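Colleague: Before we talk, could you put the model on the screen, so that we can go through it step by step?

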Amino acid sequence: MNSYWGTRGRTKSDISGQMAKSTGRLVSTSTVRGRLHECGLYARRPEPVVCVPLTSQHRRERLRWTHQHVHWTSNQWRAVLFTDESRLNLQSDSRCYLIWREPGTRYHPSNIRERDAYGGGSVCVWGGICLSGRTDLYVFPRGTVNAQTYRDDILDAYVGLLPGQ
């Protein structure tokens with residue numbers, strides 16, 4: 001097992017079987033786990049990251065945009081506001097939460113994680129940055145955003161107040 005990078009996403013049994021097939025020797029799953037641990041690799045649940053994958057066209061357009069703006073002056077950038085909005089869960093909805101504990105301590109208070117059975121809700125926020133600073137973080141009071149809310153609560157209140165507008 002010279003290269004461990006091919007092991008990502010594979011089970012100990014898969015690796016053990018591959019070793020047996022390629023070397024003709026049986027390797028136990030506990031040996032596989034031990035060798036991976038020696039290299040600093042441990043089985044963990046992957047982080048759930050939600051994103052929009054960039055296509056080659058996205059990359060070309062972004063590169064084109066940077067080439068068009070590489071020589072902008074500070075005065076030109078002063079009129080630009082970068083913004084983003086996000087929905088934040090108030091409580092994790094992941095049931096894949098692991099802890100290390102001693103046998104027989106399942107219901108010990110330090111081993112219990114309370115969770116709202118109804119999901120705990122979420123909140124939608126908006127913020128922006130520009131050359132002269134940043135906006136305050138805006139929390140949408142109704143928890144949802146549509147075009148009218150965005151226009152009334154964000155564009156009129158924040159973007160219209162930027163210098164040079």
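Colleague: Which residues form a nonpolar patch on the surface, and what accessible area do they have together?

Modeller: This is a predicted model, in which local features need pLDDT of at least 70 and side-chain atom pairs count only at pLDDT 80 or more, while totals for chains, interfaces and linings use all residues. Residues are numbered from 1 along each chain as its sequence is written, and side-chain values use heavy atoms, with hydrogens and water left out. A patch is made of residues with over 30% relative accessible area and no salt bridge, where nonpolar side chains (Val, Leu, Ile, Met, Phe, Trp, Tyr) are joined within 5 Å and like charges within 9 Å. The surface patch here consists of Trp65, Phe82 and Ile129, and together they have an accessible area (Shrake-Rupley method, 1.4 Å probe, only the protein chains shown counting as cover for residues) of about 310 Å².

Colleague: Is phenylalanine 82 buried, partly exposed or exposed?

Modeller: Phenylalanine 82 is placed in strand β1, residues 81–89, where helices (H or I, at least four residues) and strands (E, at least two) are DSSP runs numbered from the N terminus. Buried means under 20% relative accessible area, exposed means over 50%, and partly exposed lies in between, with a 1.4 Å probe and protein chains only. Because its relative accessibility is 44%, phenylalanine 82 counts as partly exposed.

Colleague: Which strand gives the largest share of the largest nonpolar core?

Modeller: A nonpolar core is a set of buried Ala, Val, Leu, Ile, Met, Phe, Trp, Tyr and Cys residues joined through side-chain atoms within 4.5 Å. The largest one has 7 residues, namely Leu81, Cys124, Trp126, Cys130, Tyr138, Phe140 and Ile154. Its largest share, 3 residues, comes from residues 122–130, which form strand β2.

Colleague: How many residues are in the second, separate core?

Modeller: Among the members of this second core are Ile15, Met19, Val27 and Leu36. The core is separate from the one just described, and its size is 5 residues.

Colleague: Which backbone oxygen does the side chain of serine 16 reach?

Modeller: Serine 16 sits in helix α1, residues 12–23, and is buried because its relative accessible area is 13%. Leaving aside residues up to four places away in sequence, serine 16 touches Val27, Ser28, Thr29 and Val32, where a contact means heavy atoms within 4.5 Å. At 2.2 Å, its side chain reaches the backbone oxygen of valine 27.

Colleague: How many salt bridges does a search of the whole structure find?

Modeller: A salt bridge is a side-chain nitrogen of Lys or Arg within 4 Å of a carboxyl oxygen of Asp or Glu. One of them joins arginine 35 to glutamate 38, with the closest N and O atoms 3.2 Å apart, and another joins arginine 151 to aspartate 152 at 3.0 Å, N to O. Glutamate 61 also pairs with arginine 64, their closest N and O atoms being 2.7 Å apart. The number that the search finds is 3.

Colleague: Why are glutamate 61 and arginine 64 separated by about one helical turn?

Modeller: Both residues count as partly exposed, glutamate 61 because its relative accessibility is 38% and arginine 64 because its value is 42%. They are separated by about one helical turn because, within helix α3 (residues 56–69), they are 3 residues apart.

How values were computed
A polar contact is a pair of N or O atoms within 3.5 Å; within protein, one must be able to donate a hydrogen and the other to accept it, and residues adjacent in sequence count only if both atoms are side-chain atoms.
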